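Reader: Please walk me through how to read the features of a protein model, one at a time. I know my way around the bench, but less so around a structure viewer.

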Amino acid sequence: MNPSLSLLPLGMADREALYDMLQEMPANENDFQNPCHSMPYSAFLDWLRVCDEEAAGINLQEGYVPQSCYVLCDGERLIGLGKLRHTLSDRLKRRGGHIGYGIRPSARGCGHARVLLSLLLDEAGKRGIEQALVTVNIDNLPSLRVVLDNGGRIADTIEGKHLLHVPTALTERLRNALHTRGAQRIGFGDLRALPEAQREGFPRGIAIALAWDQAILRGIGEGPTPAYLANYNALNEQLDALDAYAETWLTRRGYRARGKTRAAVGGYDDGLTTLLPHKTVATRAGLGWIGNCALLVTPEFGAGLRLSSILTDAPLETAEPVDASRCGDCKVCQSICPGGAVSGKHWQAGMRREAFWDAEACHKAARARTERSLGGGETLCGLCVLRCPWTQQYLQNG
């Protein structure tokens with residue numbers, strides 16, 4: 001979030017600056033009511049008194065509920081108005097919801113609406129509202145995108161309006177926003193047990209996973225195929241986009257974040273080792289364990305996933321980490337590995353990779369397998385991904 005942006009209770013805003021902003025904002029735009037437009041200043045002062053009473057639940061008109069108003073500020077300049085209803089009437093359940101907001105026309109096009117809604121959701125959470133209702137006209141696509149970006153999901157569409165449920169917890173808002181953009185598995189992990197240098201000083205990590213196309217994965221038994229290579233590249237590009245999106249999403253809300261895109265991942269001179277593997281973040285986030293073949297294995301997709309991660313200081317709710325292998329007595333990947341890279345030893349958190357898996361042997365065998373199937377260029381194999389019993393279960397389940 002731009003550090004100059006802040007949310008003020010209505011009563012703390014400069015009155016003349018607030019009056020000036022409300023004269024610029026339309027009286028009614030997409031059902032957001034601004035009764036102060038063209039109102040004399042003396043009547044505006046009366047309106048402020050009524051707003052104070054509404055926030056306290058005093059002298060409410062029939063059918064009205066307590067409502068708090070807030071102002072979005074960019075430094076000294078007032079740029080937006082937000083309304084937070086403390087409860088919902090039957091009418092508000094169909095039209096209006098918990099939250100309404102508007103940005104003055106001269107401050108639009110800068111992403112301020114996303115920030116204003118996010119800050120209002122924070123305030124709703126403080127009032128014990130776990131799921132806020134936000135209503136959007138079906139023809140108002142910009143506002144719909146703002147609510148979806150804040151983790152909203154369309155629950156119903158009635159009377160020309162989308163009714164969206166939006167979690168107020170930051171973690172669930174980000175999870176929903178990433179799901180909306182195609183992420184299939186998302187986990188949040190506490191990284192503080194790892195060395196500070198390895199996690200670049202960030203206390204938490206987000207793991208994002210996308211599954212391989214099932215039909216393509218079934219076809220690599222004799223070697224990687226052109227379709228497999230294309231799927232590999234497409235998944236990596238999508239993960240980079242999700243990383244960049246999550247980084248922007250968090251920084252807009254005032255947190256530090258670093259998306260670990262392919263370009264941002266640090267490694268060592270051998271070209272086979274990274275400082276903080278995505279799969280390490282995934283185990284800390286509870287998504288799965290490291291299999292005997294050194295790949296992340298999850299109950300839902302087996303080893304049939306591509307991964308990426310984001311580092312952040314955002315106060316996200318984290319999962320219980322997975323600290324030990326769940327491969328049991330399985331030796332499938334050991335028996336089918338063309339390079340003999342799999343020792344059969346089980347991974348545990350903190351275990352060095354070379355203690356149970358030979359990266360160089362895997363690399364050489366994968367390069368040879370790619371050379372035979374695709375004529376070289378990439379280093380792909382995928383046999384352990386395909387043959388893992390957990391992956392086979394994913395493929396059978398469709």
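## A guided reading

Author: Let's start with one residue: Arg173 counts as buried, at 0% relative accessibility. Keep in mind as we go that this is a predicted model.

Reader: Which residue forms a salt bridge with Arg173?

Author: To read a salt bridge, look for a side-chain nitrogen of Lys or Arg within 4 Å of a carboxyl oxygen of Asp or Glu. Here the partner of Arg173 is Asp122, with the closest N and O atoms 3.0 Å apart. Asp122 belongs to helix α4 and Arg173 to helix α6, so the pair ties together parts that are 51 residues apart in sequence. Asp122 counts as partly exposed, at 31% relative accessibility. There is also a network: Arg114, Asp149, Arg181 and Arg253 are joined by salt bridges that share partners.

Reader: How many salt bridges does a search of the whole structure find?

Author: The search finds 21. Let me take a pair with Arg104 in it: the side chain of Arg104 meets that of Glu24, at 2.8 Å from N to O. Arg104 sits in the loop between β6 (99-103) and α4 (112-126), while Glu24 is in helix α1 (residues 15-24), so this pair ties together parts that are 80 residues apart in sequence. Arg104 is buried, at 5% relative accessible area, and Glu24 counts as partly exposed, at 28%.

Reader: Where do Glu53 and Arg49 lie?

Author: For a pair like this, helix geometry is the general idea. An α-helix has 3.6 residues a turn, so residues three or four places apart point the same way. Glu53 and Arg49 both lie in helix α2 (residues 41-56), four residues apart, which is about one turn of the helix. Their side chains form a salt bridge, at 3.5 Å from N to O. Arg49 is partly exposed, with a relative accessible area of 44%.

Reader: Now the hydrophobic side, please. Which residues of the largest nonpolar core touch the most other members?

Author: In soluble globular proteins, nonpolar side chains tend to be buried together. In the largest nonpolar core, which has 65 residues, Leu178, Ile206, Ile208, Leu217 and Leu250 touch the most other members. The helix that gives the most to this core is α8 (residues 226-252), with nine residues. Apart from this core lies another, of 26 residues, including Leu72, Ile99, Ile103 and Leu117.

Leu250 is a nice one to click on. Leaving out residues up to four places away in sequence, Leu250 touches Leu174, Ile206, Tyr255, Ala257, Ile310, Thr312 and Ala314. In α6, the buried residues include Leu174 and Leu178, along with Arg173.

Reader: And sheets? What is the order of the strands in the open sheet of three?

Author: Strands of a sheet pair through backbone hydrogen bonds, either parallel or antiparallel. This open sheet runs β7-β9-β8, with antiparallel pairing. β7 (131-137) and β8 (153-158) are at the edges, each with a single partner strand, so one side of each has no neighbour in the sheet. From one strand to the next, the twist averages 25°. To see a pairing up close, follow β8 and β9 (residues 161-167), which share five bridges; Asp156 stands opposite Leu163 in β9.

Two helices lie across strands of this sheet. Helix α5 (residues 141-149) lies across β7, β8 and β9, at about 20° to β9. Helix α6 (residues 170-180) lies across β8 and β9, at about 130° to β9.

Reader: I always check cysteines. How many disulfides does a search of the whole structure find?

Author: Zero. The idea is to look at the distance between sulfurs, which must be within 2.5 Å for a disulfide. For Cys110, the closest cysteine sulfur is that of Cys73, 15 Å away, which is too far for a bond. Cys110 counts as exposed, at 55% relative accessibility. Cys293 is in no disulfide either, and its nearest cysteine sulfur, in Cys384, is 4.1 Å away. Cys293 is buried, at 8% relative accessible area.

Reader: One last feature: backbone angles. Is the phi of Asn30 positive or negative?

Author: Asn30 has a positive phi of about 55°, although it is not a glycine. Asn30 lies in the loop between β2 (28-29) and β3 (32-33), and counts as partly exposed, at 43% relative accessibility. Ala294 is another non-glycine with a positive phi, about 70°. Ala294 is found in the loop between β13 (289-290) and β14 (296-297), where Ala294 is buried, with a relative accessible area of 2%.

Note on methods: Residues are numbered from 1 along each chain as its sequence is written. Side-chain values use heavy atoms; hydrogens and water are left out. A nonpolar core is a set of buried Ala, Val, Leu, Ile, Met, Phe, Trp, Tyr and Cys residues joined through side-chain atoms within 4.5 Å. Buried means under 20% relative accessible area, exposed over 50%, partly exposed in between (1.4 Å probe, protein chains only). Contact means heavy atoms within 4.5 Å. Two strands pair if DSSP finds at least two bridges between them. Axes are lines fitted to C-alpha atoms, for helices over the stretch in contact, and angles run from 0 to 180 degrees between N-to-C directions.
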